[in-house]
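Let's take a walk through this model together, one piece at a time. Have a look at it below, and then we'll start with a helix.

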Amino acid sequence: MATDAASAPAPTGPVPFKDVENILGLQINTVPAESSPEEYADDVLISALPIKLAPGTQLKLRCYHGFWLPERFVPSAVALQRRFVPRPDDVIIASLPKCGTTWLNALAFATMARRSYPPTGADHPLVRLNPHECVPFLDALFSGGGARAASLDALPSPRLIYTHMPHAMLPRASAGVGCRVVYICREPKDTAVSLWQFRRSAHPELPVSDTFDSICDGDNTYGPFWDHVLGYWRASAACPESVLFLRYEELLRDPAENVRRLARFVGVPFSEAEEEAGVVRGIVDLCSLGSLRNLEVNRTGLMDGLGFPRKALFRKGVAGDWANHMTPEMARRMDDVVADKFRGTGLNFQ
Ligand code: A3P
């Protein structure tokens with residue numbers, strides 16, 4: 001049950017993960033090198049799983065329980081299911097890549113940490129750190145068997161964490177009891193264009209068709225996308241107090257109302273005094289594309305351990321950009337896949 005923010009005891013988390021990393025003297029949010037093909041994750045022989053390369057990259061994907069996970073994160077999926085014990089007040093942000101993860105991480109961090117860090121403060125963590133440096137990436141922390149995941153224990157509650165794992169890979173406790181999950185999905189054609197543009201930051205010659213085909217064929221990273229989306233959609237329908245299902249396009253249309261929804265869902269609704277003081281507006285402005293994109297920390301440098309430029313995370317941020325890059329035939333093919341896969345589910349992308 002949500003409590004009024006004015007009467008609830010002051011939460012101590014979330015804190016910027018990068019700061020904890022520095023205090024502990026660890027590099028815990030980084031992604032390890034590719035696993036060797038012989039490696040086992042517990043009793044799972046990774047080299048025996050079907051393999052593909054993500055289009056235009058050297059990223060190896062392995063099909064594990066029906067999902068094309070980056071090879072180096074198969075051990076994460078195994079360890080997550082078997083060893084991660086969420087705290088009841090954990091909040092997990094979940095998404096497919098390029099669906100607005102960075103934005104939602106920033107909004108959730110700014111919302112949950114607003115008492116310690118007022119959104120208009122010049123020293124707000126999101127002014128000096130990339131949103132992904134504030135929020136730990138579960139998939140990276142649990143790779144290599146999860147030894148580095150012990151660092152999660154150092155975080156004060158409530159913890160804010162993010163993952164690209166399908167719902168089926170989360171520990172059972174996150175599904176219906178215990179912690180809360182916030183999922184963000186996006187119109188698939190725009191997701192495809194965003195992913196292609198992102199990959200082009202490293203491979204400028206990459207044609208849109210390769211990324212497009214992999215998404216339609218269901219072997220995109222962490223895909224099939226329809227199973228990823230439907231896993232969270234169904235969990236949200238079954239357990240709306242545990243899984244909040246958001247859409248990127250809704251956030252674009254009305255970011256303030258969605259920040260209020262998010263705050264209510266995680267149990268820290270805005271008080272009247274906060275509303276009057278413009279705290280919601282402050283959070284929306286702090287996390288807007290224009291604001292984040294122009295910060296030095298997001299304009300320069302590479303993402304820790306991932307090797308791509310931070311600025312590639314902040315591009316156009318609109319709905320409908322697919323029309324500038326897809327032929328009508330491509331759009332029709334993807335719409336047909338979507339209509340087919342989501343028929344009868346109550347979810348559509350019209
Ligand atoms: P586009 O490539 O369509 O512009 P992710 O964070 O999951 O990788 O998603 C990236 C997409 O979110 C990119 O979409 C990016 O521009 C957009 N994005 C990043 N920050 C945003 C923000 N603050 N507001 C709106 N969109 C944002």
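Helix α12 (residues 255-265) lies across β8 and β9, where contact means heavy atoms within 4.5 Å. Its direction is about 170 degrees to β9; axes here are lines fitted to C-alpha atoms, for helices over the stretch in contact, and angles run from 0 to 180 degrees between N-to-C directions. The helices (H or I, at least four residues) and strands (E, at least two) are DSSP runs, numbered from the N terminus. Before going on, note that this is a predicted model, in which local features need pLDDT of at least 70, side-chain atom pairs count only at pLDDT 80 or more, and totals for chains, interfaces and linings use all residues. Residues are numbered from 1 along each chain as its sequence is written, and side-chain values use heavy atoms, with hydrogens and water left out.

Now for the sheet under that helix. It's an open one with 4 strands in the order β7-β6-β8-β9, paired in parallel; two strands pair if DSSP finds at least two bridges between them. At the edges sit β7 (160-163) and β9 (243-247), each pairing on one side only. On average, neighbouring strands here are turned by 20 degrees against each other, direction ignored. Strand β6 (residues 91-95) is joined to β7 by 4 bridges, and V91 stands opposite L160 in β7. Another helix, α3, lies across β6, β7, β8 (180-185) and β9, at about 170 degrees to β7.

That same α3 leads us to the ligand: it gives the largest share of the surrounding shell, 3 residues. Which residues come nearest? Of the 18 around the ligand, they are T101, T102, S194, K316 and G317, a residue being near if one of its heavy atoms lies within 4 Å. The shell splits into 8 nonpolar, 6 polar and 4 charged residues; Ala, Val, Leu, Ile, Met, Phe, Trp, Tyr, Cys and Pro count as nonpolar, Asp, Glu, Lys and Arg as charged, and the others, Gly among them, as polar. One ligand oxygen is 2.8 Å from an N or O atom in the side chain of K98, while a ligand nitrogen is 2.8 Å from a polar backbone atom of C287.

There's a second open sheet, with 3 strands in the antiparallel order β3-β4-β5. β3 (51-53) and β5 (67-70) each have a single partner strand, so one side of each is left without a neighbour in the sheet. C63 stands opposite W68 in β5.

Conventions:
Polar contact = N/O pair within 3.5 Å; in protein donor to acceptor, adjacent residues only side chain to side chain.
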